[in-house]
Every structure is written in C-alpha cells, then in structure tokens.
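Student: Could we go through this one together? I would like to start with how the helices pack.

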Amino acid sequence: VNFLDRFLCVQDVHRNKLQLVGGVCLLIASKLRQCRSLTISLICYFTDYSVDEESVKQWEALVLAKLKWDVAGITGFDFVDHLLTRLPKPYQPHSQMIRRHALTFLSLCLIEIDFMQVPASVIGACVLSVAVRRLAPTTLDKMSELLGPLIRTVPKSLSPYLRRVDLLVSENLSSVQQQTSNTKPGSLPHTKHATSTDSQEATNLQETPTDVLDVHL
C-alpha cells in the first residue's frame, strides 16, 4: 500500500493498469519483507492472467525508478513490535493477543484516506493503544501518556488520532456484528441453478475484472 500510494502520487496511471500496478507493488514488497518472495507467475495468476510476465517486469522497473529505489519505507507495522516490548508488565502475558489485534486494526487504517498523511509511528502507537484498551482495563488518555514520549509526540496531539482509530475499529466491528446477526445459522444464500447457457457464458468471462469500475461492491 505504501508503494502504491507513493507511486500514484508521482505517476498518472490509467485505470485499466491499476491491477497491474497493485500486483507489481505486492511483488516488490514481498521481496523486501518475506523470506520467500512471490513469483511473477503467481502475480499473473492473482490477476487471472489478465497481465503477462513481461508487463510485470517492465512495470516493476518503472515503479522502482519512480520511487528512486527508495523502497525501505517505514510503516506502522515496523513500530508495533518495538512499542509492544515497552508496555508495562501486567500487559506482557497478553502480548500476542494485543499484537494480533493491533496488526488487524493497522490493516484497517492503511486503507483509509484519512490516515495517509499520519506518521507511521503515530499510527503504530494508536493501533497498539486501541488494542490494549479493548483487552485490558485502561483508557486512551493513559495510553497516549505512556506511548507518546516513546515516539517523541506530545500526548495531547496523539489523542485525536487515538479517537479516530478507536472510532474506525468500532464502526467496523458493529458492521461485522450486524452482518452476522442478519445471517441465520445454518442458512445458505439463495442461488439460481445454472443452465448450460449460463455455464458457457461464464467460461467466456474472466473471473477477475481488469477494470476497477467493473468491481461492484
């Protein structure tokens, strides 16, 4: 996401190339973060082969050139583990659960435009604070006083971001709970029996749309 946002800020991309650019950014990120990176053929498979391997190689070089090979971007993920070790001892037995929740909340923040200009250290501290508050008896103000000095941020300036993250998490949780309550246990969604004509038409269409406007949510 970091690579994609930075690339789109310096390069105009036609909408039918967004899937290709996203796959290329995923490929570059896997080479930096994973012990075993994704392969180009796997990226093509993810796009339902709407792009070819040569295009992936060419756009990989273009993305790296536009980013000036500055691909060691710092994200909120880089701060969570460091801040987690600085939590008081009462929270340490629950560190794995706190970490898992914090990383989930961080993933929500990364797809919100409101957090694009927020420093990575602030986002990391906020998601960790919200994760702790939902698992232990504490307040956001106490967490801002604890983590603010660690990231060299005034606690009062950290509080607005804490509340925005907490609101985002609450909205997503309530949405999931509402969807769960609307689904009856043991019930399956109604599906129409496919005819031979429908099956033939389905095979002629790509499963993954190549145009972002073709995605209907």
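**Helix packing and cores**

Tutor: Keeping in mind that this is a predicted model, we can begin with helix 1 and helix 2, which are oblique to each other, because their angle of about 130° falls outside the ranges that count as roughly parallel, antiparallel or perpendicular.

Student: How far apart are the axes of helix 1 and helix 2?

Tutor: Helix 1, covering residues 2–10, packs against helix 2, covering residues 18–33, with the two axes 9 Å apart.

Student: And is the crossing left-handed or right-handed?

Tutor: The crossing of these two helices is right-handed.

Student: Which residues meet there?

Tutor: From helix 1 come Phe3, Leu4, Phe7 and Leu8, and they meet residues of helix 2 that include Leu18, Val21, Gly22, Cys25 and Ile28. By class, this contact has 10 nonpolar residues, 1 polar residue and no charged ones.

Student: New topic: what about the largest nonpolar core?

Tutor: That core has 31 residues, and those with the most contacts inside it are Leu87, Ile98, Val127, Leu128 and Val165. Helices 5, 6, 7, 8 and 9 each supply at least two of its residues, and helix 7 gives the most, with 9 residues.

Student: Which residues does Ile98 touch?

Tutor: Leaving aside residues up to four places away in sequence, Ile98 touches Leu84, Leu87, Tyr91, Leu128, Ala131, Val132 and Leu135.

Student: What lies apart from that largest core?

Tutor: Another core, of 18 residues, lies apart from it, and among its members are Phe3, Ile28, Ile43 and Val63; Phe3 and Ile28 also appear in the contact between helix 1 and helix 2.

Note on methods:
Residues are numbered from 1 along each chain as its sequence is written. This is a predicted model: local features need pLDDT of at least 70, side-chain atom pairs count only at pLDDT 80 or more; totals for chains, interfaces and linings use all residues. Side-chain values use heavy atoms; hydrogens and water are left out. Axes are lines fitted to C-alpha atoms, for helices over the stretch in contact, and angles run from 0 to 180 degrees between N-to-C directions. Helices (H or I, at least four residues) and strands (E, at least two) are DSSP runs, numbered from the N terminus. Angles under 35 degrees count as roughly parallel, over 145 as roughly antiparallel, 65 to 115 as roughly perpendicular and the rest as oblique. A crossing is left-handed if the near helix is turned anticlockwise from the far one by less than a right angle, and right-handed if clockwise. Contact means heavy atoms within 4.5 Å. Ala, Val, Leu, Ile, Met, Phe, Trp, Tyr, Cys and Pro count as nonpolar, Asp, Glu, Lys and Arg as charged, and the others, Gly among them, as polar. A nonpolar core is a set of buried Ala, Val, Leu, Ile, Met, Phe, Trp, Tyr and Cys residues joined through side-chain atoms within 4.5 Å. Buried means under 20% relative accessible area, exposed over 50%, partly exposed in between (1.4 Å probe, protein chains only).
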